[in-house]
2 protein chains.
Amino acid sequence: MTGTFGLVTLYVSADIKNILIILSEKNVIVKQKNVTLADVARADGVSAKTVSRVINNTDYVSAETRSQILQAIDQLGYRPNRMARSLASNRSFIIGLVIPDVTNPFFPEIMRGVEHAALERGYNVLVYNADLDDQRERQGLTLLEETRVDGVIVCTMKLADDELRSCLQRHRASVLINRVMPGGPAGIVRVDLFHSMGRVVQHVLDSGRRKIGYLAANRSVMSYSSQQRLWGFEATMKANGLLVDPDYIRSCAAAVEDSLRTARQLLTDHPDIEALICYNDMIAAGALEACAERGIPVPDQVAVTGFDDIMFSSVFKVALTTVHVPKFELGVRAAQMLFERIDGHPTESEVVLNAELLIRQSTGPRRKEV
Amino acid sequence: MTGTFGLVTLYVSADIKNILIILSEKNVIVKQKNVTLADVARADGVSAKTVSRVINNTDYVSAETRSQILQAIDQLGYRPNRMARSLASNRSFIIGLVIPDVTNPFFPEIMRGVEHAALERGYNVLVYNADLDDQRERQGLTLLEETRVDGVIVCTMKLADDELRSCLQRHRASVLINRVMPGGPAGIVRVDLFHSMGRVVQHVLDSGRRKIGYLAANRSVMSYSSQQRLWGFEATMKANGLLVDPDYIRSCAAAVEDSLRTARQLLTDHPDIEALICYNDMIAAGALEACAERGIPVPDQVAVTGFDDIMFSSVFKVALTTVHVPKFELGVRAAQMLFERIDGHPTESEVVLNAELLIRQSTGPRRKEV
DNA sequence: ATGAAAGCGCTAACAC
DNA sequence: GTGTTAGCGCTTTCAT
């Protein structure tokens with residue numbers, strides 16, 4: 001083929017589809033696109049297998065051959081095709097991570113933990129954000145299966161036990177974060193949501209408050225995590241001889257806007273409320289806003305608590321009392337547990353990490369004179 | 001093969017490696033693992049290609065055959081292998097998204113936009129979080145290349161122009177968010193960072209303030225985005241006949257903790273400061289904290305501004321004046337632009353979306369009596 | 001220490 | 001409408 005581009009005439013003999021022509025100011029670079037293992041092998045006069053040995057660091061290859069191959073790889077701009085590699089080896093070195101909502105700062109921290117542990121082991125992480133939609137949860141799990149990831153880490157979701165179990169069953173290995181599944185195929189890494197919420201509630205009751213509102217997070221179905229926290233609340237109330245009026249429990253989406261609306265309504269319906277216990281920090285942010293709007297002093301009149309200890313909980317209108325959950329660590333441990341399972345040597349089936357009550361300004365003694 | 005498990009004797013004739021035996025309380029389920037297209041075809045007595053037609057919805061297949069195949073797929077639990085599919089078709093239907101920091105709520109919103117647009121087009125999104133590390137940025141771009149994604153969307157990063165250009169060059173299609181690259185291979189979707197920051201500064205100056213501190217975000221290298229915002233600040237100061245004292249400009253990591261430290265120091269060094277202009281909302285959160293610690297009233301004594309309008313900026317100690325950036329939209333447009341490029345019909349090379357000054361409580365008239 | 005051949009699961013380009 | 005034949009780019013046997 002002959003073509004004239006500006007002042008340059010190119011003579012190209014190879015397959016035209018595989019040629020990449022780069023024109024910069026002073027020079028013309030003709031490169032082959034889609035360079036394959038075979039191309040590298042050909043350039044070096046060795047077999048494909050030898051090149052494969054070099055890029056995978058398996059078996060011995062003479063130092064000389066190796067460096068020559070490395071050089072050719074660099075020169076040709078070769079990048080191994082992961083798809084082909086996975087297909088042939090039946091291993092993708094990718095793990096999947098399904099999270100319900102990236103916009104909740106709780107999950108990005110888990111992501112970071114998973115990534116950290118994965119990178120260390122030479123794995124890559126494919127993150128799927130379900131965006132609070134249970135249809136998307138299904139889609140994510142299916143996509144990851146089609147991608148033939150080596151394993152999946154799933155954060156607490158709305159999928160029912162049965163469906164989730166059968167989804168996980170289909171994966172080579174799986175780990176659940178903050179969700180239990182007795183007799184399920186998955187490893188479990190979690191904190192004790194029930195008792196942690198209990199500690200929050202006890203802390204609030206200890207300051208002499210009795211009329212307690214609860215802001216729950218649930219749309220259609222209640223997740224395991226919503227359930228545990230709510231039960232923790234109820235159990236602690238009961239343990240203190242207090243009745244829980246169902247009208248003091250409201251639910252909303254785990255987002256600032258929605259919880260603000262819900263908190264407003266609750267405060268209007270029950271102006272005598274002395275504390276707002278929230279499912280998580282995002283909801284607590286809305287609760288604090290609602291109090292601020294109404295000029296309700298926190299904690300002098302109303303105490304507010306969150307859960308998770310997201311990065312921003314200390315800079316809210318009032319620094320938030322919450323439960324510090326080791327998010328990064330949760331991610332790291334989940335990944336490690338997954339690798340054990342991928343390798344076929346699971347040592348533990350469940351790990352419970354510590355979560356600690358973190359007392360800041362949004363709780364404390366009630367000042368009656370208000 | 002014959003094996004005795006408990007009371008059950010199994011006679012299995014197929015390849016033992018491909019058998020999955022599920023023992024539940026009452027029954028034994030023998031399933032084939034790793035079901036392939038060929039298995040489905042065999043079960044139905046049709047050719048592989050016909051099955052392929054059904055799962056891809058290409059060409060016509062008689063309704064009867066189709067429903068039979070669908071049934072067999074369901075019964076066998078078949079899941080197409082994306083790796084094999086990509087390898088054969090040279091299309092992955094995956095796009096890559098590289099973001100610098102998931103823990104900054106700015107990026108999750110972009111993610112959602114990209115995902116939204118991608119899902120609509122049948123694409124999946126592989127997110128790579130560089131975790132504020134330029135080495136990780138490289139790794140991400142390389143991983144995506146090895147994965148043979150159909151295109152990449154890259155959010156403003158620290159990689160130098162030359163290196164980024166050559167990375168993008170290697171991809172089939174690419175779009176940059178909030179970063180320009182003249183003559184580069186990538187499409188561009190951005191907001192006008194320079195002028196938006198200018199508007200923020202003008203707004204602050206208009207309230208009569210003159211001693212302005214600037215909290216920049218940069219570690220080793222300044223990103224395009226850091227640069228634009230800083231320049232916007234400097235240009236507006238100059239346009240108002242004000243000198244910028246370099247010691248009023250400090251830089252820190254874009255995280256609450258670090259900006260708190262930096263803001264403290266700046267306020268100590270220059271107690272006469274009247275405003276803190278921040279690179280983004282996360283840094284502004286730290287600035288507000290520093291003011292709160294010192295009992296400095298905002299905005300009566302010091303005004304504080306952010307940039308991005310992250311979800312939490314309205315619930316900070318003082319509701320933050322900031323620039324509302326259409327994050328979701330940025331993601332959607334970037335994805336759409338990428339698809340045009342993947343399809344080989346790019347219509348636009350650069351799109352500039354509107355960003356608006358959002359005035360909340362952290363700015364306003366200075367109250368001299370303080 | 002290196003190579004040859006087969007095949008991973010799928011799609012593409014043709015047949016029929 | 002449906003089947004056949006080749007690969008896609010790599011790893012795996014098994015040779016040598």
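This text leads through a predicted model, from the relation of its two protein chains to a DNA strand, a helix and a serine.

Two copies of a chain are related by a rotation about an axis and a shift along it. Here, chain B is superposed on chain A by a rotation of 180° with 0.0 Å of shift along the axis, at an RMSD of 0.1 Å. That is the relation of a two-fold axis. The two copies employ the same surface, since 98% of the contact residues of chain B recur in chain A.

Both chains also take part in the surroundings of DNA strand D. At least two residues of the surface near this strand come from each of α2 (48-56) and α4 of chain A, and likewise from each of α2 (48-56) and α4 (82-89) of chain B. The largest share, four residues, is supplied by α4(A). There are 24 residues around the strand, and those that come nearest are Leu37(A), Lys49(A), Ser52(A), Tyr78(A) and Thr50(B). Sorted by class, this surface holds 10 nonpolar, 10 polar and four charged residues.

On the DNA side, 63% of the strand D atoms within 4 Å of the protein belong to sugar or phosphate, and the rest to bases. Several residues of chain B approach phosphate oxygens of DNA strand D. For Thr50(B), a side-chain N or O atom is 2.5 Å from such an oxygen. Ser62(B) uses a backbone N or O atom, at 2.8 Å from a phosphate oxygen of the strand, while Thr65(B) places a polar side-chain atom 3.1 Å from a phosphate oxygen.

Attention now turns to helix α6 of chain A, residues 134-146. Its 13 residues should span 18 Å at 1.5 Å a residue, and the end C-alpha atoms are 19 Å apart, which agrees. The N-terminal end of α6(A) is capped by Asp133(A), whose side-chain oxygen lies 2.7 Å from the backbone nitrogen of Gln135(A). Buried residues of this helix include Gly140(A), Leu141(A), Leu143(A) and Leu144(A), and also the charged Arg136(A) and Glu137(A). Just after the helix, Arg148(A) adopts a positive phi of about 55°.

Arg148(A) leads on to Ser92(A): the backbone oxygen of Arg148(A) is 3.1 Å from a polar side-chain atom of Ser92(A). Ser92(A) sits in the loop between α4 (82-89) and β5 (94-99) of chain A. Because its relative accessibility is 4%, below the 20% limit, Ser92(A) counts as buried. Leaving aside residues up to four places away in sequence, Ser92(A) touches Arg82(A), Ser86(A), Arg148(A), Val149(A) and Asp150(A), together with Met83(B) from the other chain.

Methods: Residues are numbered from 1 along each chain as its sequence is written. Chains are lettered from A and ligands numbered from 1 in the order in which they are written. This is a predicted model: local features need pLDDT of at least 70, side-chain atom pairs count only at pLDDT 80 or more; totals for chains, interfaces and linings use all residues. Side-chain values use heavy atoms; hydrogens and water are left out. Copies are superposed by least squares on the C-alpha atoms of residues with pLDDT of at least 70 in both. Contact means heavy atoms within 4.5 Å. Buried means under 20% relative accessible area, exposed over 50%, partly exposed in between (1.4 Å probe, protein chains only). A polar contact is a pair of N or O atoms within 3.5 Å; within protein, one must be able to donate a hydrogen and the other to accept it, and residues adjacent in sequence count only if both atoms are side-chain atoms. A residue is near a molecule or strand if one of its heavy atoms lies within 4 Å of it. The expected span of a helix is 1.5 Å times one less than its number of residues.
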